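This report describes one protein model for a reader who has not seen it before. The sequence and the structure come first, and the description follows.

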Amino acid sequence: MQGGRYRRYAIYWTPAPGPLARFGAGWLGWDPAAGQSIQRAGMPGISQDRLAVLTEGPDRYGLHATLKAPFCLAPGASESDARAALEAFAARTAPVQADGLALARMGRFLCLQLDGDERAVSALAADVVHAFDPLRAPLTEAEIVRRGNMSPEAEALMRRWGYPHVMERYRFHVTLTARLENSAREEVRAALAPVLAPLLPRPFRIDALSLMGEDRAGRFHLLSRVPLTGAA
């Protein structure tokens, strides 16, 4: 029901405990598994104060890729329902993979994107959107208007699924920075590239999905990370 600790929920890919997860927590200053802020990792030429500015926005979420964008629960639905839905989905869904992850630019952001064929990951994302939509409260007209100008295609997806970057518009990515000017973006890319190189898996395998909860301060917490155990 609404009114609990979390105001919205989401389904994300999050890294398994290990070096990449530790990097993400240190880079963004937020550990969603622990549910707490942590001291940011040092980065050559980038102070911790400046890093906080460079990562403003993504630092609310922790290191993740969106599969089902944050949503309010439908009337009558509960967090327990979301947990049960994720367990059921994971039990019937097989892991998927791509060639790897690579540091890339997406618009004015830096992010991690997939190398190679993205079709299996995109198909998984579409299945997640379908499976969890019954738990989502419909958007109000005011929420749609707040999204700003959208193409007719994006608005149609927003109205149907609660988010415009789904289905044919979906692209898996892990956002690492705020919107940056060219010079700052290239500076950050140069600093990040050697740090990330040994951490990025090849192949990249999605073998678990995470239920996230957004607290009243806008920070996302890892509520459960469930392995995908369905048959391929």
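Two residues are in contact when they have heavy atoms within 4.5 Å of each other. In this predicted model, the elements that cover the buried residues of H6 include S4, helix H4 (119–132) and H5.

**Overall build**

The protein has seven helices and eleven strands. Its radius of gyration is 17 Å, close to the 17 Å that the globule rule gives for 232 residues, so the protein is as compact as a globular protein of that length. Along the principal axes, the C-alpha trace spans about 50 × 40 × 35 Å. Of the 232 residues, 48% count as buried. Among contacts between residues at least 6 apart in sequence, 74% join residues at least 24 apart.

**Helix H6 and the loop after it**

Which residues of H6 are buried? They are Ala154, Leu157, Met158 and Trp161. These residues cover an arc of only 105 degrees around the axis, which puts them on the same side of H6. As stated above, S4, H4 and H5 are among the elements that cover them.

H6 is followed by Gly162, which has a positive phi, near 85 degrees. The loop between H6 and S8 contains Met167. Met167 also has a positive phi, of about 55 degrees, although this residue is not a glycine.

**Pockets and cavity**

Rolling a probe the size of a water molecule over the atoms shows where empty space is left. The table lists three such spaces in the model.

| Space | Volume | Nonpolar lining residues | Polar lining residues | Charged lining residues |
|---|---|---|---|---|
| Largest pocket | about 1,400 Å³ | 23 | nine | ten |
| Second largest pocket | about 240 Å³ | ten | two | three |
| Largest cavity | about 30 Å³ | six | two | no charged residues |

The largest pocket is lined by 42 residues, and those nearest its centre are Tyr61, Ala69, Pro70, Arg147 and Tyr163. At least two lining residues come from each of strand S1 (8–13), strand S4 (65–71), strand S7 (109–115), helix H5 (141–146), helix H6 (152–161) and strand S8 (173–175). S4 supplies the largest share of this lining, with seven residues. S4 thus appears in two settings: in the lining of the largest pocket and in the cover over the buried residues of H6.

The second largest pocket has a volume of about 240 Å³. Of the 15 residues that line the second largest pocket, Pro15, Ala21, Asp31, Pro32 and Ala33 are the closest to its centre. Helix H1 (19–28), strand S2 (30–31) and strand S11 (220–227) each give two or more residues to the lining of the second largest pocket. H1 gives the most, with four residues.

How many cavities of 30 Å³ or more does a search of the whole structure find? The search finds one. The residues lining the largest cavity are Ser122, Ala125, Ala126, Val129, His165, Val166, Met167 and Tyr170. Met167, described above for its positive phi, is therefore one of the residues that line the cavity.

**Two buried residues**

Val128 lies in helix H4. Is Val128 buried or exposed? Val128 is buried, with a relative accessible area of 0%. Not counting residues up to four places away in sequence, Val128 touches Ile11, Leu67, Lys68, Phe89 and Leu209. Val128 and Arg205 are 77 residues apart in sequence, and their C-alpha atoms are 16 Å apart in space.

Leu103 has its place in strand S6 (residues 100–106). A residue counts as buried at under 20% relative accessible area. Leu103 has 18% relative accessibility, so Leu103 counts as buried. With residues up to four places away in sequence left out, Leu103 touches Cys111, Leu112, Leu176, Arg189, Leu192, Ala193, Leu196 and Leu200. Leu103 and Arg179 are 76 residues apart along the chain, and 15 Å separates their C-alpha atoms.

**A cis peptide bond**

The peptide bond from Arg202 to Pro203 is cis, with omega near -5 degrees. Pro203 lies in the loop between helix H7 (182–196) and strand S9 (204–206).

Note on methods: Residues are numbered from 1 along each chain as its sequence is written. This is a predicted model: local features need pLDDT of at least 70, side-chain atom pairs count only at pLDDT 80 or more; totals for chains, interfaces and linings use all residues. Side-chain values use heavy atoms; hydrogens and water are left out. On a 1 Å grid over the protein atoms alone, a cavity is a set of points where a 1.4 Å probe fits but cannot get out, and a pocket is an open set with protein on both sides within 12 Å along at least five of seven lines; lining residues have an atom within 4 Å of a point. Grid points are joined across faces, edges and corners, and a volume is the space filled by probe spheres set on the points. Ala, Val, Leu, Ile, Met, Phe, Trp, Tyr, Cys and Pro count as nonpolar, Asp, Glu, Lys and Arg as charged, and the others, Gly among them, as polar. Buried means under 20% relative accessible area, exposed over 50%, partly exposed in between (1.4 Å probe, protein chains only). The arc is that of the directions from the helix axis to the C-beta atoms. The radius of gyration is taken over C-alpha atoms; the globule rule is 2.2 Å times the number of residues to the power 0.38.
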